[in-house]
Amino acid sequence: MPPTDPAKSVPNTTAGLGSPSPHPGVSPAAAAALNDGTEDPTNLDSPSAPIAKPAPEKSDAAATEYAPPHMAGIAPGVSPSAAAALSDGTEDPTLSEDPPTSTTTTTPSRPIVFSGPSGTGKSTLLKKLFAAHPSHFGFSVSHTTRSPRPGEIDGVHYHFTTPDTFQSMIHNHEFEEHAKFGGNYYGSSRAAVQAVAQGRGKDMDGNEASGNRICVFDIEMEGVKQLKQSALNPRICFIQPPDVDTLEERLRGRGTDSEDAIQKRLAQAKNEIEYCRTEGRGDKVVVNDDLDRAFRDLDEWVMKDLTSQN
Ligand SMILES: Nc1ncnc2c1ncn2[C@@H]1O[C@H](COP(=O)(O)OP(=O)(O)OP(=O)(O)O)[C@@H](O)[C@H]1O
């Protein structure tokens, strides 16, 4: 949900107040906060929330159990044609546009986490990534204890859940990450993440993303911390602004935030930048200076490592 995307009319959400469609992959807490207008997601007291997307529950006997790459028999996310190319050495599998396959013998690639300060260009870059590889990536559907807004469909925009059920899911360790925000819980369940690999995820526009997809997260720092501790073993990419002044310009240029919200986002941005400096070592860092250059950097990393088990 880049700037030009109508969905970006409300920051950190998928859609504005008039739209029922939450932006897939965006921290639901952040989305909720701004949609409700009651709290800003940059509130330092509020842990960032999960992502997530789609996942109407349906049985799929052929669906593959999610298995982290280290459990996989073959390189995760490698399509049959790419795997064949790998074995005969005639073709670079990373150049294949075949989506990752889901069978009983292949497993999905590691989820990919994108994080960085608000306004740094995550949505803009992710939109380009989804457009460049329309069959590869998907978002999961978050659980939330907040009430559905008009037009929101259970299992599509969110899994709407009672507080008791949510607590019980926490107790049963069913979430990869969760957070309480604005009085409501939000979380990315393990099942919803797995569903992405089973053709029950969502694309950038919130439409059902069929086929075996790689789960993509667009989350804030606190969510990253939780996912780093999870069994998902995600690949993590920090999107960073060239500098804080440029970030401020972009936030203002987006035209979606009040002065107060901009100041909160900038304050939180400094924490996020520091987190990337201290804890981001070893992860991919893309500095979004020039958009095309930054996208090439990101795209190359994403696609090259689809075949990596590390
Ligand atoms: N490389 C770039 N150069 C100039 N402007 C950019 C660049 N990348 C993104 N922008 C602009 O910066 C603004 C913020 O981008 P975007 O909304 O994608 O950020 P974001 O990280 O997704 O923010 P949030 O976390 O709040 O959703 C947009 O207006 C976008 O067009």
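These are my notebook entries on a predicted model of one protein chain.

**Overall make-up**

I began with the whole chain and counted nine helices and eleven strands in the secondary structure of the protein. Of its 310 residues, 51% count as buried. I then looked at how far along the sequence the contacts reach, and found that, among those between residues at least 6 apart, 69% join residues at least 24 apart.

**The annotated domain**

I looked up the UniProt record, an unreviewed entry, which places the feature "domain: Guanylate kinase-like" at residues 109-303. Over that stretch I noted 42% helix and 22% strand, with the end C-alpha atoms 11 Å apart.

**Nonpolar cores**

I asked myself which members of the largest nonpolar core touch the most other members. The core has 44 residues, and the ones to note are Val 113, Phe 114, Val 216, Cys 237 and Leu 298. I followed Phe 114 further and, leaving aside its neighbours within four places in sequence, listed its contacts as Lys 122, Leu 126, Val 216, Phe 217, Asp 218, Cys 237 and Ile 239. Val 216 and Cys 237 therefore appear in both of my lists, as core members with the most contacts to other members and as contacts of Phe 114, where a contact is a pair of C-beta atoms within 7 Å. I also found a second, separate core of seven residues, which includes Phe 166, Met 169, Phe 181 and Tyr 185.

**The four-stranded sheet**

I traced an open sheet of four strands, in the order E4-E3-E6-E5 and with mixed pairing. Strand E4 (159-160) and strand E5 (175-181) stand at the edges with a single partner strand each, so one side of each is left without a neighbour in the sheet. As a reminder to myself, strands of a sheet pair through backbone hydrogen bonds, either parallel or antiparallel.

I then took the pairings of strand E6 (residues 184-189) in turn. E5 and E6 run antiparallel and are joined by six bridges, and one of the pairs I looked up is Ala 179 with its bridge partner Tyr 186 in E6. Strand E3 (residues 143-144) also runs antiparallel to E6, through two bridges, and here His 143 has Gly 187 as its bridge partner. I recorded E6 as mostly covered, since five of its six residues are buried. In the hairpin of E5 and E6, two residues lie between the strands, and Gly 182 takes a positive phi near 55°.

**Positive phi outside glycine**

I checked two residues that have a positive phi without being glycine. His 173 has a phi of about 55° and sits in the loop between helix H4 (163-171) and E5. Is His 173 buried or exposed? It counts as exposed, because I find 10 C-beta neighbours inside 10 Å and the cut-off for exposed is 12 or fewer.

Asn 233 has a phi near 55° and is found in the loop between helix H6 (221-229) and strand E10 (235-240). With 15 C-beta neighbours inside 10 Å, Asn 233 counts as partly exposed.

**Helix H6**

I went on to H6 itself, where Met 221, Gly 223, Val 224, Gln 226 and Leu 227 are buried. I asked what covers these buried residues of H6, and the cover includes strand E1 (112-115), E5, strand E9 (214-219), E10 and H8.

**Helices H7 and H8**

I looked next at how helix H7 (residues 244-254) packs with H8, and noted an angle of about 145° with the axes 11 Å apart. The crossing of the two helices is right-handed. On the H7 side, Val 244, Leu 247, Glu 248, Leu 251 and Arg 252 meet Ile 262, Arg 265, Leu 266, Ala 269 and Lys 270 of H8.

I closed with Lys 270, which lies in helix H8 (residues 259-279) and is one of the H8 residues that meet H7. Lys 270 is exposed, with 12 other C-beta atoms within 10 Å. I also checked Lys 270 against Pro 117: the two are 153 residues apart in sequence, yet 7.9 Å apart in space, C-alpha to C-alpha.

Technical notes
Residues numbered from 1 in each chain as written. Predicted model: local features only at pLDDT ≥ 70, side-chain atom pairs only at ≥ 80, totals over all residues. Buried ≥ 20, exposed ≤ 12 C-beta atoms within 10 Å, placed from the backbone. Contact = placed C-beta atoms within 7 Å. Core = buried A, V, L, I, M, F, W, Y, C linked by C-beta atoms within 7 Å. UniProt positions renumbered as here; feature names shortened; annotations may be inferred. Pairing = 2+ DSSP bridges. Axes fitted to C-alpha atoms, helices over the stretch in contact; angles between N-to-C directions. Left-handed = near helix turned anticlockwise from the far one by under 90°.
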